[in-house]
Amino acid sequence: MSTNPVRGAVDSLANSRGRSTQHILVGVGLTVGAVAISALVARINARQDDAYEAYSDYDAPAYEQPKPPSKLLANLWPPLFMALTLSGLRIWNAPRSAARTQALTLWGAVQALNGVWMVLGPRRLGGQLAAAVASLGTAAAYVWRARQVDPPAANMVAPYVGWMGVANALSEGLSRKPAEPWTVH
């Protein structure tokens, strides 16, 4: 047991007992960097709500697709991404094995799919839905493989997978919804 309480807390949280400080810092850099890149991509591709169209009384109004409140999403995604990041760090710090390599590969694929999903944005709902479904399947495979390497790491990602399932159901429902809420006969 480590005599340094800070190192002991880090080892417990990051699954890093027996790992060098350099190894831990590389893992933190890789995992935080991957999530930061996804967040940057999201920020660059964020929709501007202040853009609006003016139309005359004779033009048919344009109806927007309903979307979840942005404040809800703004509060929901950070803890999910933090859990995903910490989970990846715990897997990084696990002893080398084929299962660890596969889990890290799946974790990286989830990050890449998140980036694709964010780049596509709401303007390309079909592509965004395809990326989200692929992300859900990849995240589920990551949880399965991570459970074999470090069960707490897998447990951290379970809420993310659950939310991806809900988000996919919502996105799929929105993609089927007609653009106008009623039809004039």
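What percentage of the 185 residues of the protein count as buried? The answer is 32%, where buried means under 20% relative accessible area, exposed over 50%, and partly exposed in between (1.4 Å probe, protein chains only). The model is predicted, so local features need pLDDT of at least 70 and side-chain atom pairs count only at pLDDT 80 or more, whereas totals for chains, interfaces and linings use all residues. Residues are numbered from 1 along each chain as its sequence is written, and side-chain values use heavy atoms, with hydrogens and water left out.

**Exercise 1. Describe the fold in terms of its elements and its surface.**

Step 1. The protein has six helices and zero strands; helices (H or I, at least four residues) and strands (E, at least two) are DSSP runs, numbered from the N terminus. Read from the N terminus, the order is α-α-α-α-α-α.

Step 2. For contacts in the protein between residues at least 6 apart in sequence, 73% join residues at least 24 apart. Contact here means heavy atoms within 4.5 Å.

Step 3. The accessible surface is about 11500 Å², and 65% of it belongs to carbon and sulfur atoms. These areas come from the Shrake-Rupley method with a 1.4 Å probe; for residues, only the protein chains shown count as cover.

**Exercise 2. Locate the largest nonpolar core and identify the helices that supply it.**

Step 1. A nonpolar core is a set of buried Ala, Val, Leu, Ile, Met, Phe, Trp, Tyr and Cys residues joined through side-chain atoms within 4.5 Å. The largest one has 26 residues, and those with the most contacts inside it are W77, F81, L84, I91, Y142, V157 and Y160.

Step 2. At least two residues of this core come from each of α3 (70–93), α4, α5 (125–149) and α6 (151–176). The largest share, eight residues, is that of α6.

Step 3. For I91, the contacts beyond four places in sequence are R100, A103, L104, Y142, A146, V149, D150 and A153.

**Exercise 3. Characterise helix α4 and the surroundings of two of its residues.**

Step 1. Helix α4 has 23 residues and reaches 33 Å from its first C-alpha to its last, close to the expected 33 Å at 1.5 Å a residue. The expected span is 1.5 Å times one less than the number of residues.

Step 2. The buried residues of α4 include R100, W107, L113 and M118.

Step 3. R100 has a relative accessible area of 6%. Beyond four places in sequence, R100 touches H23, I91, W92, A94, P95 and V149. The C-alpha atoms of R100 and V149 are separated by 6.0 Å, although the two residues are 49 residues apart along the chain.

Step 4. L113, also in α4 (residues 98–120), is in contact with A131, A134, S135 and T138 when its neighbours within four places are left aside. L113 and S135 are 22 residues apart in sequence and 5.6 Å apart in space, C-alpha to C-alpha.

**Exercise 4. Find the salt bridges and relate each to its place in the chain.**

Step 1. A salt bridge is a side-chain nitrogen of Lys or Arg within 4 Å of a carboxyl oxygen of Asp or Glu. The count comes to two salt bridges.

Step 2. One joins the side chains of D11 and R7 at 2.8 Å, N to O. The two residues are four residues apart in helix α1 (residues 5–14), and are therefore separated by about one helical turn. D11 is buried, at 7% relative accessible area.

Step 3. R90 and D150 form a salt bridge at 2.6 Å, N to O. R90 lies in helix α3 and D150 in the loop between α5 and α6, so the pair ties together parts 60 residues apart in sequence. R90 is buried, with a relative accessible area of 7%, and D150 counts as buried at 7% relative accessibility.

**Exercise 5. Analyse helix α1 and the loop that follows.**

Step 1. The buried residues of α1 are G8, D11 and A14. They lie on the same side of α1, because they cover an arc of only 155° around the axis; the arc is that of the directions from the helix axis to the C-beta atoms. On the other side of α1, P5 and V6 are exposed.

Step 2. N15 lies in the loop between α1 and α2 and is partly exposed, at 22% relative accessible area. Most residues other than glycine have a negative phi. N15, which is not a glycine, has a positive phi of about 55°.

Step 3. S16 lies in the loop between α1 and α2 (21–44) and is buried, with a relative accessible area of 0%. Leaving aside neighbours within four places in sequence, S16 is in contact with R7, V10, D11, I24 and N93.
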